[in-house]
Amino acid sequence: MAMAQHASLSCSTTWRELTSTSWRDNDYRRMVMACLIEAVYLLELERQERRDAAAVAQQWWKPFQYRLAHELVDDRDGSVFGAIFERDHHLLDGDRPSGAPSAVIAFRGTLLRAPTIRRDVEDELRLVAWNSLRGSARLARAMQALRATIDQFGSENVCVCGHSLGAGFARQVGRMLMASPRRQPQQQAALEFHLFNAPYLSLPMGVSSVVKTAGCLLKALRSGVGRWHGKALRNVAYANCILGYTRLESCRRL
């Protein structure tokens, strides 16, 4: 496995030891992105169960010294389809780790449950039919979130990630941003995307790609945390161990 090629994690590995790993390590970076996506799944799943979603989901962002800044909500049914995570300076022991993004925008994939299945499947069908999410009611909210986050932090300090349908949203907002004739000076540097099981084959124009199969991180994650939420465990295994992973970096003309 790719993770095993870089380091051997014993059963005594702790979150603190995991989070001390360099952000410039690709496997570590991929793991954090997958965990933040997992947090978005849990925010919606726990909302459906009428529980305190953040209380459960925070185990997927707090260990990496992030905080939940905003939820991206579909106004039609109240479902959470994405979230913006920002570095939590109250949790930092010192300066921001080298290479750590100031903000991450994460999008979840389809949930085949009654509260969300209709809206999720509608967007899935758009991707299948047109390889695009134009026409989705969620797209404007996602694009607004990306622009606002870039304006606040600069594109070189922002990552966008998504799993399955969420990877489609990440890709779509990236394409729209690059095609926009009204790009701001803050949007000239490279923007980074992490796509898990993207439901299409073609990639954005003007983007160079690094594509590989995601290494199985589940064993390492299990050794780092004593207890895992059952739903989250299944989803992170699905996203990290079974499905394809793509990392994209936009060109300097973004």
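Over residues 201-242, pLDDT (the predictor's confidence in each residue, from 0 to 100) stays under 50, and the model has 99 contacts (heavy atoms within 4.5 Å) beyond four places in sequence for that stretch. Residues 1-13 also stay under 50, with 18 contacts beyond four places in sequence. This is a predicted model, so to speak of local features takes pLDDT of at least 70 and side-chain atom pairs count only at pLDDT 80 or more, while totals for chains, interfaces and linings use all residues. Residues are numbered from 1 along each chain as its sequence is written, and side-chain values use heavy atoms, with hydrogens and water left out.

Across the protein chain, the average pLDDT is 75, and 65% of the residues score at least 70. Confidence bottoms out in helix α1 (residues 2-6) at a mean of 33 and peaks in strand β3 (residues 103-107) at 98. Helices (H or I, at least four residues) and strands (E, at least two) are DSSP runs, numbered from the N terminus.

Now take helix α5, residues 117-130. Its 14 residues reach 20 Å from first C-alpha to last, close to the 20 Å expected at 1.5 Å a residue (that is, 1.5 Å times one less than the number of residues). Buried here (under 20% relative accessible area, 1.4 Å probe, protein chains only) are R119, D120, D123, E124, R126 and L127. Seen down the axis, these buried residues of α5 fall within an arc of 150° (taken from the directions from the helix axis to the C-beta atoms), so they line one face of the helix. Part of their cover comes from α7 (165-179). Turned away from that buried side are R118, L125, V128 and A129, which are exposed (over 50%). After α5 comes N131, with a positive phi near 55°.
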